[in-house]
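Please open the structure in a viewer and keep the selection panel at hand. The stops below are to be taken in order.

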Amino acid sequence: MTIVIIPATSRTNTFVIKALLSFPRPPSIRLVAHTDDSRTQLRADFMTHPNVSTAVADLLDPSSLRKALCGARVVFYNGPLRANESQMGKNIVDAACAMDVEKLVYCSILHPYISRLPHHRSKLEVEEYIFESGLNYTILQARGYQPAHLMQDIPVKTVLQDGYLQVSFSPLVTHGFLDLIDLAAVAVAILRARPSKHARTRYELVGDIASYRDITQWLSEYAGMPITIERVDRDTAIQRLGRLKDAYGCDALARMISYYEEHGLTGSINTLCWLLGRDSTSLKQYIAREPRI
């Protein structure tokens, strides 16, 4: 069985790759990069594993995607934040159909139907296309973009050194958080399962629910000293995310910050706990797990 991870260079997908490789007898894995330079880095990171191969494909080039997916049984796709993200996702679906892929696992976003957030709507468009394609699929409504929703976006070590946590929206609004280790555990279980298990399902993944005021309180208790909140204005927050250099990405982040200021983004932890077969990682556990120095 060959599992294709595309794009293999993202932070989320790196957690999935490492989780797959942690098994005594990991499956055959093909890591797909966007450029030759990225492929070289993947080789440096993972080619000590004999079951790992690499490929290069352009998400906007259907022929290169078909080549990258040739012979794959399962595909894990987690698209980038781009203005043409929906077309990229549709190209993946078309290539999976053309190459007779048995299952597509799509890492989407929590509450993709929110009309005020264009990057959510792009993922909803991809979800609709997957459903109409006839593919066997599993959709993980899991990820958010910095600066929220993934526990790994809380820089515990830096916060404890500085004595404050920077936040670009109201610290009183409640959010749903997810540990990438939990996400990877769920993704790997689905990728390794028989194709009929988890077929045509959509799972909402949230590991813990809290406000940033709650988080600073827990950080203070853990550190044994006061941890305060420093508000960061929207423009500064956007500038710090250097990868969002295009107008679409900056606009999407600006809309996201404004939305979180008013509503946050929450969900239920029950589905994740059921899929894990255990309690999901809490924010308190994540804080205690991270190195202090």
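**A pair of buried rings**

Select Phe177 and Tyr212 to begin: both residues are buried, a term that stands for under 20% relative accessible area, with exposed meaning over 50% and partly exposed in between (1.4 Å probe, protein chains only). The model is a predicted one, in which local features need pLDDT of at least 70 and side-chain atom pairs count only at pLDDT 80 or more, while totals for chains, interfaces and linings use all residues. Residues are numbered from 1 along each chain as its sequence is written, and side-chain values use heavy atoms, with hydrogens and water left out.

Display the two rings. Phe177 and Tyr212 make an edge-to-face aromatic pair, at 5.6 Å centre to centre and 75° between the planes. Rings of Phe, Tyr and Trp (its six-membered ring) are paired if their centres lie within 6.5 Å; planes under 30 degrees apart are stacked, over 60 edge-to-face, and the rest tilted. Because Phe177 lies in strand E8 and Tyr212 in helix H8, the pair ties together parts 35 residues apart in sequence. Helices (H or I, at least four residues) and strands (E, at least two) are DSSP runs numbered from the N terminus.

**Extending the cluster**

Which residues do ring pairs link into a cluster? Add Phe169 and Tyr260 to the selection, since ring pairs link Phe169, Phe177, Tyr212 and Tyr260. A search of the whole structure finds 5 aromatic pairs. One of them joins Phe169 and Tyr212 edge-to-face, with 5.8 Å centre to centre and 65° between the planes. Phe169 sits in the loop between strand E7 (164-167) and strand E8 (174-177), whereas Tyr212 belongs to helix H8 (residues 212-223), 43 residues away. Phe169 and Tyr212 are both buried.

**Asn91 in helix H4**

Move next to helix H4 (residues 85-98) and select Asn91. Is Asn91 buried or exposed? Its relative accessible area of 7% makes Asn91 buried. Beyond its neighbours within four places in sequence, Asn91 is in contact (heavy atoms within 4.5 Å) with Leu59, Leu60, Asp61, Pro62 and Leu65.

**The whole chain**

Zoom out to the full chain, which comprises 12 helices and 11 strands. Its C-alpha atoms fill a box of roughly 55 × 40 × 35 Å along the principal axes. Of the 293 residues, 54% count as buried. Residues 24 or more positions apart account for 78% of the contacts with a separation of 6 or more.
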